[in-house]
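Reader: I'm in my first year and still learning to read structures. Please take me through the nonpolar core of this one, then show me what else is worth a look.

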Amino acid sequence: AGTVFDFTGIFGSAASKDGNTYTMASTGEVWSGFSNEDTSVYPLGFPNGGTITFTGESAAAVEIYFKFEKAAYPDTEPSFSTANVTVDGAATEYTVEIPAQDAANTYSSFLLYVVTQDQPVTLSNIQITLN
């Protein structure tokens, strides 16, 4: 098993976290989100792509996505975001593809964004697998 990520950093007034439950309020900055603060995992590189797997559950459909940035704001480029994933219902394992990135690009900022507002989503066992 690889590193299990925990998004302990909260930025912006719309984001809140209770244990493994993440919520994006409809009030506050639209850029609010969550960051992985475990610097021991950086830098990350994806010359052949990879996947993010996680267990997710929510009482109603919630869209989320992950973003990788060169470094913390404001030194964010290059960066890329994954496709949105819809978490809905009882605890289920989800997988999202990480597209192949230029081999010269490394990322030291791994972020989580909850797109759906005012609906909590519980995420656990978040892991990255390289291709």
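Author: **The nonpolar core**

In this predicted model, the largest nonpolar core has 31 residues. Ile-52, Phe-54, Ile-64, Phe-66 and Phe-68 have the most contacts inside it. Several strands feed this core. Two or more residues come from each of β4 (21–24), β6 (50–69), β8 (85–98), β9 and β10 (121–130). Strand β6 gives the largest share, six residues. Such grouping fits a general pattern: in soluble globular proteins, nonpolar side chains tend to be buried together.

Now pick one residue, Ile-64. Which residues does Ile-64 touch, leaving out those up to four places away in sequence? Start with Phe-54. Then come Ala-83, Asn-84, Val-85 and Val-87. Next are Leu-112, Tyr-113, Val-114 and Val-115. Val-121 and Leu-123 complete the list.

**The pocket**

Move on to the largest pocket. It holds about 280 Å³ of space. Its lining has 15 residues. Phe-11, Glu-69, Tyr-73, Ser-109 and Leu-111 lie nearest its centre. Strand β9 (residues 109–114) supplies the largest share of the lining, four residues. By type, the lining divides into eight nonpolar, six polar and one charged.

**The salt bridges**

Glu-69 leads us to the next topic. Its side chain meets that of Lys-67 in a salt bridge, 3.6 Å from N to O. Is Glu-69 buried or exposed? Glu-69 is buried, with a relative accessible area of 7%. The cut-off for buried is under 20%.

How many salt bridges does a search of the whole structure find? There are three. Another one joins Lys-17 and Asp-6, with their closest N and O atoms 2.6 Å apart. Lys-17 sits in strand β3 (residues 15–18), while Asp-6 is in the loop between β1 (4–5) and β2 (9–11), so this pair ties together parts 11 residues apart in sequence. Both partners are partly exposed: Lys-17 has a relative accessible area of 24%, and Asp-6 is at 33%.

Lys-70 and Asp-75 form a salt bridge too, with the closest N and O atoms 3.7 Å apart. Lys-70 is partly exposed, at 37% relative accessible area. Asp-75 is also partly exposed, at 37%.

Look back at Glu-69 once more. This residue is buried, pairs with Lys-67, and is among the residues nearest the centre of the largest pocket.

Note on methods. Residues numbered from 1 in each chain as written. Predicted model: local features only at pLDDT ≥ 70, side-chain atom pairs only at ≥ 80, totals over all residues. Heavy atoms only, no water. Salt bridge = Lys/Arg side-chain N within 4 Å of Asp/Glu carboxyl O. Buried < 20%, exposed > 50% of the residue type's maximum accessible area, 1.4 Å probe, protein only. 1 Å grid on protein atoms, 1.4 Å probe; cavity = no way out; pocket = protein on both sides within 12 Å on 5 of 7 lines; lining within 4 Å. Points joined across faces, edges and corners; volume = space filled by probe spheres on them. Nonpolar A, V, L, I, M, F, W, Y, C, P; charged D, E, K, R; others polar. Core = buried A, V, L, I, M, F, W, Y, C linked by side-chain atoms within 4.5 Å. Contact = heavy atoms within 4.5 Å.
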